[in-house]
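These are my notebook entries on a structure that I looked up. I begin with the ligand and then turn to strands and helices.

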Amino acid sequence: FSEREGVIWLDGELRPWKDAKVHVLTHTLHYGLGVFEGVRAYHTQERGTCIFKLKEHTKRLFNSAKILMMDMPFDQDAINEAQRLVVRENGLPEAYLRPMCFLGSEGMGLRADKLATHVMVAAWDWPSYMDPEARNRGIKVRTSSYTRHHVNIAMCKAKANGQYINSMLALREAIESGAEEALLLDNEGYVAEGSGENFFMVKNGVLYTPELTSCLDGITRATVIELANELGITVREKRITRDEVYICDEAFFTGTAAEVVPIRELDGRAIGEGSRGPITEQLQGMYFDSVRGKRSQNPQWLTEVV
Ligand code: PMP
């Protein structure tokens with residue numbers, strides 16, 4: 001992956017992909033204190049390639065950095081421009097973007113000061129995060145034996161690098177057991193989120209999602225809530241137990257990489273009919289139409305790269 005053609009934006013300039021390197025003493029590599037984003041650009045008929053909710057992602061990146069007390073050497077406009085640039089310069093009609101801020105090799109140890117924040121933005125073609133069939137068929141999910149972060153152990157509002165150890169342990173365990181994704185519970189046993197997605201369920205026509213405590217404040221989550229509001233669907237944020245999920249009518253995950261993915265089974269129990277439910281299908285359709293500029297509502301969600 002590191003030997004590909006193309007360019008990566010690093011600390012203000014474009015470098016050949018192969019040369020976008022850091023030293024082995026890079027602080028973030030040792031202790032995991034860094035912040036990042038996952039962003040997508042889609043091809044649209046009328047406006048060419050557009051980045052979906054670019055400003056919202058950049059804002060969350062800066063909020064994550066603030067929470068972790070990382071000094072940012074660039075402003076938000078510069079990072080927005082860097083993201084447009086990498087998609088454009090790599091000639092990508094659609095792309096997954098990865099901005100990341102990390103501490104450099106200016107010092108070592110937990111007490112190191114004078115550490116500089118470095119910023120990189122890469123973009124590549126990543127059509128489907130899960131099995132391409134997953135979006136129609138739905139996925140099998142397993143409740144994780146790993147608890148999601150406690151709000152006073154990890155800063156859950158930050159999309160921080162080190163937080164993903166927990167996600168990867170949960171995901172690997174789920175895949176090992178024959179499922180496609182994990183459902184993580186919080187330290188009190190309530191549903192938190194997937195390894196890299198927010199969770200929604202439908203019961204009697206009402207859409208439920210966990211409150212923003214131990215889950216990430218997902219940008220796709222916010223989009224789906226806005227789309228549901230547009231349809232007049234009642235949306236409620238509440239604590240959800242795993243057995244409520246077993247007997248709900250529909251369930252799905254949302255995330256920039258995963259997009260909107262139906263859940264057809266949790267812990268061996270079929271969800272609803274065991275296939276994508278009608279409200280899930282409707283919201284998923286609206287989501288894909290939004291990101292590809294096929295709806296007239298909310299043109300501000302898209303930013304042209306050219
Ligand atoms: N939760 C976690 C743990 C994630 O990594 C992600 C992906 N960023 C999400 C939820 C979904 O967030 P978003 O919709 O902003 O991509």
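**Entry 1: the ligand shell**

I asked which element gives the largest share of the shell around the ligand. I found that H6 does, with three residues. I keep in mind throughout that this is a predicted model.

I then looked for the elements that supply at least two residues each to this shell, and I noted helix H6 (219-230) and strand S14 (250-255). Of the 16 residues around the ligand, I recorded Leu-216, Gly-218, Ile-219, Thr-220 and Thr-256 as those that come nearest. I also sorted the shell by class: three residues are nonpolar, nine are polar and four are charged.

**Entry 2: H6 against H8**

I followed H6 to a second helix, H8 (residues 278-291), and found that their axes come within 10 Å and cross at roughly 115°. Why do I call H6 roughly perpendicular to H8? I do so because angles of 65 to 115 degrees count as roughly perpendicular, and the crossing angle here is roughly 115°. I noted the crossing of H6 and H8 as right-handed.

I listed the residues that make this contact: H6 brings Thr-223, Val-224, Leu-227 and Ala-228, while H8 brings Leu-283, Met-286, Tyr-287 and Ser-290. By class, I found six nonpolar residues and two polar ones in the contact of H6 with H8, and no charged residue.

**Entry 3: H2 against H3**

I next examined helix H2 (residues 54-67) and helix H3 (residues 76-89), whose axes lie 10 Å apart. The two helices pack at an angle of about 125°. I therefore describe H2 as oblique to H3. The crossing of H2 and H3 is right-handed.

On the H2 side, I recorded Leu-54, Lys-55, Thr-58, Lys-59, Leu-61 and Phe-62 in the contact. On the H3 side, I recorded Gln-76, Ile-79, Asn-80 and Gln-83. I counted the contact of H2 with H3 by class and obtained four nonpolar, four polar and two charged residues.

**Entry 4: S4 and its partners**

I asked which strands pair with S4. One partner is strand S6 (residues 95-103), which pairs with S4 (residues 39-44) in the antiparallel sense over three bridges. Here I saw Arg-40 opposite Tyr-96 of S6.

Another partner is strand S5 (residues 48-52), also antiparallel to S4, and this pairing has four bridges. Ala-41 stands opposite Ile-51 in S5. I noted that S4 and S5 form a hairpin, with three residues between them.

I added one general remark on strands: in a regular strand the side chains alternate between the two faces of the sheet.

**Entry 5: S12 and its partners**

I looked up strand S12 (residues 206-209) and found it paired with strand S11 (residues 198-203) in the antiparallel sense over three bridges. Lys-203 stands opposite Val-206 in S12. How many residues lie between S11 and S12 in their hairpin? I found two, and I noted that Asn-204 in the turn has a positive phi of about 50°.

I then turned to strand S13 (residues 235-237), which S12 joins through three bridges, and these two strands run parallel. The bridge partner of Leu-207 in S13 is Val-235. I close this entry with S12 recorded as antiparallel to S11 and parallel to S13.

Notes:
Residues numbered from 1 in each chain as written. Predicted model: local features only at pLDDT ≥ 70, side-chain atom pairs only at ≥ 80, totals over all residues. Near = placed C-beta within 6 Å. Nonpolar A, V, L, I, M, F, W, Y, C, P; charged D, E, K, R; others polar. Pairing = 2+ DSSP bridges. Axes fitted to C-alpha atoms, helices over the stretch in contact; angles between N-to-C directions. Left-handed = near helix turned anticlockwise from the far one by under 90°. Contact = placed C-beta atoms within 7 Å. Parallel < 35°, antiparallel > 145°, perpendicular 65-115°, else oblique.
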